[in-house]
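Thanks, everyone. I have one structure today and a few computed values to go with it. Please look at it first.

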Amino acid sequence: MSEKKTLTVKLVRSPIGTKADHRATVRGLGLRRMNGTRVLEDTPAVRGMINKVRYMVEVV
């Protein structure tokens, strides 16, 4: 069986003062506080969410 690929995403900019749908996307990625990280499965949906808020997150 093949292992599923993962991405580690880190929140590097506060979502305060951003658009509501961008805040919701950050929460949808499971990020709650600054410098918080989350290991997510590498899927097209997750990639799209990261792309939408790329100015707030960093893929480690």
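I start with the surface. The protein chain exposes about 4400 Å², and carbon and sulfur atoms supply 51% of that area. Accessible areas here come from the Shrake-Rupley method with a 1.4 Å probe, and for residues only the protein chains shown count as cover.

Now the conditions. This is a predicted model, in which local features need pLDDT of at least 70 and side-chain atom pairs count only at pLDDT 80 or more, while totals for chains, interfaces and linings use all residues. Residues are numbered from 1 along each chain as its sequence is written, and side-chain values use heavy atoms, with hydrogens and water left out.

Next, the fold. The protein chain has two helices and three strands, in the order β-α-β-α-β along the sequence. These elements are DSSP runs, numbered from the N terminus: helices are H or I with at least four residues, strands E with at least two.

As for dimensions, the C-alpha atoms fill a box of roughly 45 × 20 × 15 Å along the principal axes. The radius of gyration is 11 Å, which agrees with the value near 10 Å for a compact globule of 60 residues. That radius is taken over C-alpha atoms, and the globule rule is 2.2 Å times the number of residues to the power 0.38.

Of the 60 residues, 28% count as buried. Buried means under 20% relative accessible area, exposed over 50%, and partly exposed in between, with a 1.4 Å probe and protein chains only.

Which residues make up the largest nonpolar core? There are 12: Leu7, Val9, Leu11, Val26, Leu29, Leu31, Leu40, Val46, Ile50, Val53, Met56 and Val57. Strand 1 (6-11) and helix 2 (44-52) each supply at least two of them, and the largest share, three residues, comes from strand 1. A nonpolar core is a set of buried Ala, Val, Leu, Ile, Met, Phe, Trp, Tyr and Cys residues joined through side-chain atoms within 4.5 Å.

One core member, Leu31, has contacts beyond four places in sequence that include Val9, Val26 and Val57. Contact means heavy atoms within 4.5 Å.

Two more residues. Thr25 sits in helix 1 (residues 20-28) and is buried, because its relative accessible area is 9%. Beyond four places in sequence, Thr25 touches Met49, Lys52 and Val53.

Arg32 lies in the loop between helix 1 and strand 2 (37-41). Is Arg32 buried or exposed? At 67% relative accessibility, Arg32 counts as exposed.
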